[in-house]
Amino acid sequence: MDAFLHDRLEPPPVDDVAERFYLPHNVAVVGAVTIDFGLGAGTFSLVSWLDPSGAELGAAGAHTLAFAISAGLAVVLALALMRGYAETTLRRPSAATLTHVWAWIVGFLVLSCTVFFFAGPDAVSRTTVAGFFAVGIGVAVPARLAGLVAFNHVLARSRIATRRGIVVDAGGRGDLERALADLASNGIDAVAVYVLDGAEPEEILSQAHTIAARCRDAVGRDPGCAVYLAIDWSDLSRYLPLRAALDRVATPVYVLTDGQCAEILRGKRVETGRIASFEVKGAPLHPLGRAQKRIVDLVLTIAILLVLGPLMALVGLAIRLESPGPALFRQTRRGFSGRDFQIFKFRTMTVCENAGAIAQATPDDLRVTRLGRFLRRTSVDELPQLFNVLRGEMSLVGPRPHALAHDDFYGRVIETYAARHKVKPGITGWAQVNGCRGRTPEVRDMEARVARDLWYIDNWSLWLDVLILLRTIPKFLFDRNAY
């Protein structure tokens with residue numbers, strides 16, 4: 001590794017830099033496209049071959065290859081349109097997997113429409129088309145996720161580089177070694193490091209032109225090589241001459257963020273005219289996110305009601321037989337944007353409190369019936385809230401709604417409490433699957449719950465909702481905090 005002016009830098013802290021395997025990003029994308037096409041076409045071919053009803057259709061054999069190619073192309077094109085092959089997406093396996101799921105759904109819809117409108121229902125069996133979707137979601141998507149995790153693991157260990165770069169240390173940072181390590185772990189191989197340490201304007205200008213000449217020679221040998229500036233953003237006396245000198249170099253030039261600006265620039269750039277703005281805190285859910293979350297809520301809620309509807313009817317009957325009173329308990333809760341709504345639960349107590357000071361249930365609460373204790377322990381009492389989800393008052397996942405009396409009290413003693421109402425309340429949530437469920441005898445218990453709720457709001461994604469739902473099943477069935 002070259003050093004300019006004086007050799008004060010240690011090599012970047014990675015093993016065997018010279019032996020790192022270089023895999024350009026565009027080549028990696030071609031590999032990813034090939035794999036995705038193979039997964040789409042191969043899945044359809046496999047399902048078609050295994051489908052016994054497909055063999056009975058005379059046209060099926062002749063159309064299998066064409067439909068397999070269509071399936072693979074549909075998945076690849078959907079991924080491309082949703083930026084599934086962008087480097088920022090591929091470096092985040094969770095985001096890449098969610099994009100792949102949507103691409104598979106699009107591929108399934110395209111295939112279904114192709115069969116229905118162009119080939120006719122007798123060309124390919126419905127079992128094959130449905131099997132393509134099921135096997136894809138169950139096998140192809142996890143297989144791609146495993147491949148991405150493995151690739152990013154190797155990339156983070158600096159064994160593979162997808163880009164090459166020249167680092168220019170313009171002084172004033174003090175964390176250049178860490179910057180080199182971060183570049184290496186993100187697939188950027190620093191092939192040279194040049195140091196600009198001049199103090200006087202003439203000396204800085206001379207060194208800047210010398211560095212630019214060396215960068216131009218390096219780019220001539222490797223056109224894909226970019227330049228990365230490690231500089232204090234407030235040091236314009238160094239930045240401006242260096243920036244002007246590098247204008248003559250035919251390669252991208254990037255400025256590494258310093259400690260003061262890194263946190264701000266994590267946000268999305270927002271166009272506000274001639275002045276650049278960066279979003280440091282955005283809306284909890286953007287319109288597309290709200291639409292996606294609502295669709296998932298409706299689909300899963302209807303499916304759950306179809307499966308558990310008979311059980312809910314039996315529970316309601318058992319409640320009426322055990323003690324006098326309605327099977328369903330209604331209580332006013334505060335929802336999205338602070339709007340009140342009536343929450344539904346199976347009645348588990350001999351009383352129905354809905355105003356004033358409401359005491360939270362205790363382990364030996366005499367108000368709880370024998371059946372109610374079982375319902376609370378297994379969270380079956382929460383199932384009627386599925387109707388709140390259908391009505392749009394709640395979501396499957398979100399901050400749990402509390403009684404109005406508790407909202408009023410904690411709203412006065414916890415400054416950030418009201419921020420929970422920026423999204424719809426949920427049947428389950430990030431706080432509940434992380435141990436913050438049940439009574440909150442101390443204010444610090446509610447503070448811990450609120451902190452997790454706010455983290456969920458700030459980090460929401462469909463993938464996070466799926467994770468919470470999967471963790472909810474064992475947590476609710478075996479959680480000892482419920483009584």
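**Exercise 1. A loop residue and its backbone angle**

Ser337 sits in the loop that joins strand 10 (328-334) to strand 11 (340-346). The model is a predicted one. State the sign of phi at Ser337, then find what is said of phi at Arg83 and where Arg83 lies.

*Solution.* Start with the general expectation: most residues other than glycine have a negative phi. Ser337 is not a glycine, yet its phi is positive, about 60°. Next take Arg83, which is not a glycine either and has a positive phi of about 55°. Arg83 is placed in the loop between helix 3 (60-81) and helix 4 (87-90). To finish, classify its exposure: the relative accessible area of Arg83 is 55%, and exposed means over 50%, so Arg83 counts as exposed.

**Exercise 2. The chain as a whole**

Describe the protein chain by its elements, its buried share, its contacts and its surface.

*Solution.* First, the elements: the protein chain has 15 helices and 13 strands. Second, the buried share: of the 483 residues in the protein chain, 43% are buried. Third, the contacts: among those in the protein chain with a separation of 6 or more, 74% are between residues 24 or more positions apart. Fourth, the surface: about 25,500 Å² is exposed by the protein chain, and 62% of this comes from carbon and sulfur atoms.

**Exercise 3. Salt bridges**

How many salt bridges does the structure hold? Work through the pairs Lys293 and Asp465, Arg334 and Asp340, and Arg391 and Glu393.

*Solution.* The structure holds 11 salt bridges. The general idea is that side chains of opposite charge can pair when their charged atoms come close.

- Step 1. Lys293 and Asp465 form a salt bridge through their side chains, with 2.6 Å from N to O. This pair links distant parts of the chain, since Lys293 is in helix 10 and Asp465 is in helix 15 (residues 462-478), 172 residues apart.
- Step 2. Check the exposure of both partners. Buried means under 20% relative accessible area. Lys293 has 9%, so Lys293 is buried. Asp465 has 7%, so Asp465 is buried.
- Step 3. In the salt bridge of Asp340 with Arg334, the closest N and O atoms are 3.5 Å apart. Asp340 has a relative accessibility of 47%, so Asp340 counts as partly exposed.
- Step 4. Arg391 and Glu393 meet through their side chains in a salt bridge of 3.1 Å, N to O. Glu393 is buried because its relative accessible area is 18%.
- Step 5. Salt bridges can also be linked in a network, here made of Lys345, Asp381, Glu382 and Arg400.

**Exercise 4. Two surface patches**

Which residues make the nonpolar surface patch, and which gather in the patch of negative charge?

*Solution.* Begin with the nonpolar patch. Leu298, Ile302, Leu306, Val307, Phe387 and Leu390 make a patch of about 550 Å². Helix 10 (287-322) and helix 12 (385-390) are the elements that give two or more residues to this patch. Of these, helix 10 gives the most, with four residues. Take Leu306 as one case: Leu306 lies in helix 10, and its relative accessibility of 68% means that Leu306 counts as exposed.

Now turn to the charged patch. Asp197, Glu200, Glu202 and Glu203 gather on the surface in a patch of negative charge. Asp197 is in the loop between strand 5 (188-195) and helix 8 (201-221). Its relative accessible area is 34%, so Asp197 is partly exposed.

**Exercise 5. Two helix residues**

Is Asp36 buried or exposed, and which residues does Asp36 touch? Then place Thr210 and give the separation between its C-alpha atom and that of Leu242.

*Solution.* Asp36 is in helix 1 (residues 25-50). At 1% relative accessibility, Asp36 counts as buried. Leaving out residues up to four places away in sequence, Asp36 touches Val76, Leu79, Tyr85, His100 and Arg144.

Thr210 is in helix 8. Its relative accessible area is 31%, so Thr210 is partly exposed. Thr210 and Leu242 are 32 residues apart along the chain, and their C-alpha atoms are separated by 9.9 Å.

Definitions and conventions. Residues numbered from 1 in each chain as written. Predicted model: local features only at pLDDT ≥ 70, side-chain atom pairs only at ≥ 80, totals over all residues. Heavy atoms only, no water. Patch = residues over 30% accessible without salt bridge, like charges linked within 9 Å, V, L, I, M, F, W, Y side chains within 5 Å. Areas by Shrake-Rupley, 256 points an atom, 1.4 Å probe, with all protein chains shown as cover. Salt bridge = Lys/Arg side-chain N within 4 Å of Asp/Glu carboxyl O. Lys, Arg positive; Asp, Glu negative; His and termini not counted. Charge placed at Lys NZ, Arg CZ, Asp CG, Glu CD. Buried < 20%, exposed > 50% of the residue type's maximum accessible area, 1.4 Å probe, protein only. Contact = heavy atoms within 4.5 Å.
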